[in-house]
Amino acid sequence: MNIERSFMSTIFFINDNTPTILAIGGYDYSDKGQLSSIESYDINKDVWSMNIYPDLNVGRYQASCLLFNEKKIFIFGGYNKNYGTLNSIEEINVEKKTCDIIKMKLPIPLRRFASVKISEY
């Protein structure tokens with residue numbers, strides 16, 4: 001990783017036939033605060049990269065994330081030292097490489113939880 005982080009959200013997916021892991025947000029012990037950056041790990045090349053995806057709109061750690069239809073990653077809740085526990089949701093569009101806060105919010109602010117997509121298969 002380029003930035004030492006803990007309590008980040010991680011997700012595995014196939015991006016353009018490349019197995020990829022994203023490390024999203026997290027806690028930076030040296031700055032004592034939350035991160036908004038997203039690091040991408042190319043498993044085939046064994047390389048971490050920055051700036052492939054834009055930063056989160058709200059830095060967060062202890063958030064949960066899931067992959068939806070291989071095209072979108074949703075990041076739920078988490079903690080931000082300025083705002084406290086969050087109820088916001090951000091959407092990363094894997095194809096367009098965008099990151100936006102969506103209008104829908106969690107019913108209550110949450111952190112330190114897991115999210116799971118249940119499919120029909």
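## Pro-54 and its surroundings

Let's start with Pro-54, which counts as partly exposed because its relative accessibility is 32% (buried means under 20% relative accessible area, exposed over 50%, and partly exposed in between, with a 1.4 Å probe and protein chains only). This is a predicted model, so local features need pLDDT of at least 70 and side-chain atom pairs count only at pLDDT 80 or more, while totals for chains, interfaces and linings use all residues. Residues are numbered from 1 along each chain as its sequence is written, and side-chain values use heavy atoms, with hydrogens and water left out.

Pro-54 sits in the loop that runs between β6 and β7 (64-68); helices (H or I, at least four residues) and strands (E, at least two) are DSSP runs, numbered from the N terminus. Setting aside neighbours within four places in sequence, Pro-54 is in contact with Ile-38, Lys-97, Thr-98 and Cys-99, where contact means heavy atoms within 4.5 Å. Pro-54 and Ile-101 are 47 residues apart along the chain, and their C-alpha atoms are separated by 12 Å.

## The cysteines

One of those Pro-54 contacts, Cys-99, leads on to the disulfide tally. With a disulfide taken as a pair of cysteine sulfur atoms within 2.5 Å, the count comes to 0 disulfides. Cys-65 is in no disulfide, and the nearest cysteine sulfur to its own is that of Cys-99, 11 Å away. Looking from the other end, Cys-99 is in no disulfide either, with the sulfur of Cys-65 as the nearest one at 11 Å.

As for burial, Cys-65 has a relative accessibility of 10%, so it counts as buried. Cys-99 is buried too, with a relative accessible area of 9%.

## An open four-stranded sheet

Now for the sheet: 4 strands make up an open sheet, ordered β1-β2-β5-β6, with antiparallel pairing. Two strands pair if DSSP finds at least two bridges between them. The edges are β1 (9-15) and β6 (47-49), each of which pairs on one side only. Going from one strand to the next, the twist averages 25°; axes here are lines fitted to C-alpha atoms, for helices over the stretch in contact, and angles run from 0 to 180 degrees between N-to-C directions.

At the β6 edge, β5 (residues 38-42) pairs with β6 in the antiparallel sense over 3 bridges. Ser-40 stands opposite Ser-49 in β6.

## The β1-β2 loop

The loop between β1 and β2 (18-24) holds Asp-16, and Asn-17 is found there as well. Both have backbone angles worth a look. Asp-16 has a positive phi of about 50° although it is not a glycine. Asn-17 is likewise a residue other than glycine with a positive phi, in this case near 65°.

The side chains can be placed by accessibility. Asp-16 is exposed, with a relative accessible area of 66%. Asn-17 counts as exposed at 73% relative accessibility.

## Aromatic pairs

A pair of aromatic rings is described by the distance of the centres and the angle of the planes. Here, rings of Phe, Tyr and Trp (its six-membered ring) pair if their centres lie within 6.5 Å; planes under 30 degrees apart count as stacked, over 60 as edge-to-face and the rest as tilted. The structure holds 7 aromatic pairs. One of them joins Tyr-27 and Tyr-29, whose ring centres are 4.8 Å apart with planes at 80°, so this pair is edge-to-face. Tyr-27 is buried, at 13% relative accessible area, whereas Tyr-29 counts as partly exposed at 45% relative accessibility. Both tyrosines belong to a cluster in which ring pairs link Phe-7, Tyr-27, Tyr-29, Tyr-61 and Tyr-79.

Phe-68 and Phe-74 form an edge-to-face pair too, 6.3 Å centre to centre with 65° between the planes. Phe-68 counts as partly exposed at 36% relative accessibility, while Phe-74 counts as buried at 16%.

## Asn-80

Last stop is Asn-80, found in strand β9 (residues 79-80). Its relative accessibility is 3%, so Asn-80 counts as buried. The side chain of Asn-80 reaches the backbone nitrogen of Asn-82 at 2.8 Å. Not counting residues up to four places away in sequence, Asn-80 touches Gln-34, Val-58, Gly-59 and Leu-86.

Conventions. Polar contact = N/O pair within 3.5 Å; in protein donor to acceptor, adjacent residues only side chain to side chain.
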